[in-house]
Amino acid sequence: MHVGAVKTDRPLISLLAYDDDGIEEHRFESIAESREYLPQHKRLWLNVYGLQDAEILGEIGRRFRLHPLVLEDILNTHQRPKIEDYGTYLYCVARVFEYDGATRTLSSDQVSIVLGENFVLTFQERRSGTFEPIRERMRIPGAPFLQHGTDYLAYTLLDAIVDQYFVIVDRLGDTAEDLEDDALASPTPALLKTINLVKHDTHLLRRAIWPLREVLNGLIRGESRFFSADTRLYLRDIYDHLVHVVETLDAVRELLGDLMDIYLSSVSNRLNVEVRILTVLTTLFLPATLITGIFGMNFQVMPLLDEDWGFYVAMGMMGSVALGMAAIFWRRNWLRS
């Protein structure tokens, strides 16, 4: 039973058969159509877009003798990246990501790879274009790619996934830098929410990348017979790329963590400025309050009360004291930004 979101209208099955003599490609709209096909080449790459049809997965499982647990893991799209050896084939789970810079949202899809002696099966939730450059390389007439075994194809699939991580991490880094500028210029509650969302996305990405390092590390050590010694050298290159991705991602996570401090500092600084302005304004009006309070006392005899020009003298005193205090505040940069 499929567990997860349905991301395609209907499943699509594509088959690429290849060997030293060339390649041939086919697309199947149904299980019945695929049963009539007989491959003419030694090695097969079967790809499935859309996992909501359990009947298709069941048919593929019967033809390639996949264990029911493998089919269950393929249909459950919330798997942690891992690798499992089932004797006659190798099962690997990884995740691909897409980042929308406009909405600053990260989405992910599960990719399942089954590597056998002469076949590779890939199962994707939807079209992502991640593996399209590999197909283009295989379509070149006389391409050296066709001379390699299926282990090399599995390597290129993993390499394409890891290369995509570089793009995602770079975009997250650009977003973090933009958020840093916003935090310094205009810290708002909406910005704080965005920082938390991006920080959450980096955690999701790291949880997908870190287990994949362990998977590749096990393959490099030669724990699987499905990868030749030559191909394991290429896997070592992927491992180095993953280490670089993790280091870059950690730097982005540290920047996002620092953004929280920058945001709080900016809010505190803005509050201090506002309080200072209010304090200065209040202080400027204190002399006027004092003078009006003095002349408002209930004494029968007070200077200036019986004079026609007494009101103007009192107002002049208020204005003079306020202007004098304002000049002092200006010289001390209390009224400047």
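A nonpolar core is a set of buried Ala, Val, Leu, Ile, Met, Phe, Trp, Tyr and Cys residues joined through side-chain atoms within 4.5 Å. Keep that in mind as you look at this predicted model, where the largest such core holds 59 residues. A second, separate core has 26 residues. Below you will find a tour of the cores, a helix pair, some individual residues and a database annotation.

**The largest core**

- Seven residues touch the most other members of the 59-residue core: Trp45, Ile134, Met138, Leu153, Tyr165, Leu205 and Leu235.
- Three strands each give two or more residues to this core, namely E1 (12–19), E5 (90–100) and E6 (105–115).
- Four helices do so too: H4 (132–139), H5 (150–185), H6 (189–220) and H7 (229–295).
- Helix H5 supplies 16 residues, the largest share of this core.

**Trp45 and its surroundings**

- Trp45 is a good place to begin looking around; setting aside neighbours within four places in sequence, its contacts include Ser14, Leu15 and Leu16.
- Further along the chain, Trp45 also contacts Val120, Thr122, Phe131, Ile134, Arg135 and Met138, as well as Leu153 and Leu157.
- Two of these partners, Ile134 and Met138, are also listed with Trp45 among the residues that touch the most other core members.

**The second core**

- Ile60, Leu75, Val114 and Phe119 are among the 26 residues of the separate second core.

**How H5 and H6 pack**

- The axes of H5 and H6 lie 11 Å apart, and the two helices pack at an angle of about 155 degrees.
- Angles over 145 degrees count as roughly antiparallel, so H5 and H6 are roughly antiparallel to each other.
- Where H5 passes H6, the crossing is left-handed.
- On the H5 side, the contact is made by Leu158, Val162, Tyr165, Ile168, Val169, Leu172, Thr175, Leu179, Asp182 and Ala183.
- On the H6 side, the contributors are Leu191, Thr194, Ile195, Val198, Thr202, Leu205, Ile209, Leu212 and Leu216.

**Leu212, a buried residue in H6**

- Leu212 sits in helix H6 and counts as buried because its relative accessibility is 2%, while the cut-off for buried is under 20%.
- Beyond its neighbours within four places in sequence, Leu212 contacts Pro81, Ala94, Val162, Tyr165 and Leu242.
- Leu212 and Leu255 are 43 residues apart along the chain, and their C-alpha atoms are separated by 24 Å.

**Two arginines with positive phi**

- Arg65 has a phi near 55 degrees, a positive value in a residue other than glycine.
- The loop between helix H2 (54–64) and helix H3 (68–75) holds Arg65, which is exposed at 73% relative accessible area.
- Arg104 also has a positive phi, of about 55 degrees, although it is not a glycine.
- Arg104 belongs to the loop between E5 and E6 and is partly exposed, with a relative accessible area of 23%.

**Asp230 in H7**

- Asp230 is found in helix H7 and is exposed, with a relative accessible area of 57%.
- Asp230 and Asp151 are 79 residues apart in sequence, yet their C-alpha atoms are 9.9 Å apart in space.

**Annotated transmembrane regions**

- An unreviewed UniProt entry lists residues 277–297 and 309–330 under "transmembrane region".
- Across residues 309–330 the model is 95% helix and 0% strand, and the C-alpha atoms at the ends are 31 Å apart.

Key:
Residues numbered from 1 in each chain as written. Predicted model: local features only at pLDDT ≥ 70, side-chain atom pairs only at ≥ 80, totals over all residues. Heavy atoms only, no water. Buried < 20%, exposed > 50% of the residue type's maximum accessible area, 1.4 Å probe, protein only. Contact = heavy atoms within 4.5 Å. UniProt positions renumbered as here; feature names shortened; annotations may be inferred. Axes fitted to C-alpha atoms, helices over the stretch in contact; angles between N-to-C directions. Parallel < 35°, antiparallel > 145°, perpendicular 65-115°, else oblique. Left-handed = near helix turned anticlockwise from the far one by under 90°.
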